[in-house]
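Colleague: Could you take me through one part of this model up close? I'd like one residue and then the elements around it.

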Amino acid sequence: MKRQLRKRHFWFSLGLIILLILGGCAARGKTGPQASTTKLDGAKYVPTLFFHGYGSSANAEMPMIRAAQKAGVTRTVLHATVAKDGHVSWRGRFKAGDYHPIVAVQFTANRDGDYRTTADWAKNVITGLQKTYHITRFNLVGHSMGNMAMVFYLLKNAQNSHLPQLQRQVDIAGHFNGILGMNDEPNRMKLTAAGKPTKMDRDYQQLLALRQRYPRQARVLNIYGDLNNGTHSDGRVSNASSKSLRYLVADRAKSYQERRIVGANAQHSKLHDNAQVNRLLIKFLWQK
């Protein structure tokens, strides 16, 4: 009888251990990126999230990320892949003492033009980092449509004090008020002396609320390309559309600056693989 009781106790204990292991694995899969085996002070870490453009991927942002690594900014690059349902899959982890990790964000549905949806995807990445590493601050870098995910995220969440707070934002080739060939034409849109567009599309009209919501502690660098061929554009986005960001955020941001890139390498899709752009964002984000 005692032998049978010991046997039952053994199998019960073994089953309980297996259930605990499986439950722990499932929990880790839901909460966010894999935590480091070393306890980290999340307040010291300021990750920089890179968002790609329409129909593109995180691979397009890798030249900028590799330039940052080469400059000695960080050894840490995490990859966050966001599924169409908003679920985030993670690869990589924070490293102890490496306080400026980079997160390359990939939207699986990379042609979704619903900016409120992509804003929610961006939030899932940020809250995933918050739950796992307890970060309190972060930076943003966007190219093309990636900028819209960023500004619509801020439109919805900038006033939420329970979320990590934006420190620095780099916008590259942003189409805040229209895209050439769709709802804009070369040299059609003008900006007033205050930076206000003379014509506003529907998305821009929604973004006007940023004039009362943009976080006051954030600094902004707006980079745009000019092919210098008379179109005053990067071939895809007019300079006026890119520069219309100023009217939305400059009066509230801690600082706002614009940088114009000129020539063949200022073409829309070449701006994320441009040495001048790399130098500008590295200096702005990480060099005091």
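Modeller: Here is a close look at one histidine, followed by the sheet.

A word on ground rules: this is a predicted model, where local features need pLDDT of at least 70, side-chain atom pairs count only at pLDDT 80 or more, and totals for chains, interfaces and linings use all residues. Residues are numbered from 1 along each chain as its sequence is written, and side-chain values use heavy atoms, with hydrogens and water left out.

H52 sits in the loop between β1 (48-51) and α2 (62-70); helices (H or I, at least four residues) and strands (E, at least two) are DSSP runs, numbered from the N terminus. At a relative accessible area of 3%, H52 is buried (under 20%, 1.4 Å probe, protein chains only). Beyond its neighbours within four places in sequence, H52 is in contact with residues including S57, E61, F107, N110, H143 and M145 (heavy atoms within 4.5 Å). As for F107, its backbone nitrogen is 3.0 Å from a polar atom of the H52 side chain.

Now the sheet: 8 strands make an open, mixed sheet, ordered β3-β2-β4-β1-β5-β6-β7-β8. The edges are β3 (88-91) and β8 (255-262), each pairing on one side only (pairing takes at least two DSSP bridges). From one strand to the next, the twist averages 20 degrees. Further along, β6 (residues 165-172) and β7 (residues 219-226) run parallel, joined by 5 bridges, and R168 has R219 as its bridge partner in β7.

Finally, helix α3 (residues 115-133) lies across β1, β2 (77-82), β3, β4 (102-107) and β5 (137-143), at about 140 degrees to β4 (axes are lines fitted to C-alpha atoms, for helices over the stretch in contact, with angles from 0 to 180 degrees between N-to-C directions).

How values were computed:
Buried means under 20% relative accessible area, exposed over 50%, partly exposed in between (1.4 Å probe, protein chains only). A polar contact is a pair of N or O atoms within 3.5 Å; within protein, one must be able to donate a hydrogen and the other to accept it, and residues adjacent in sequence count only if both atoms are side-chain atoms.
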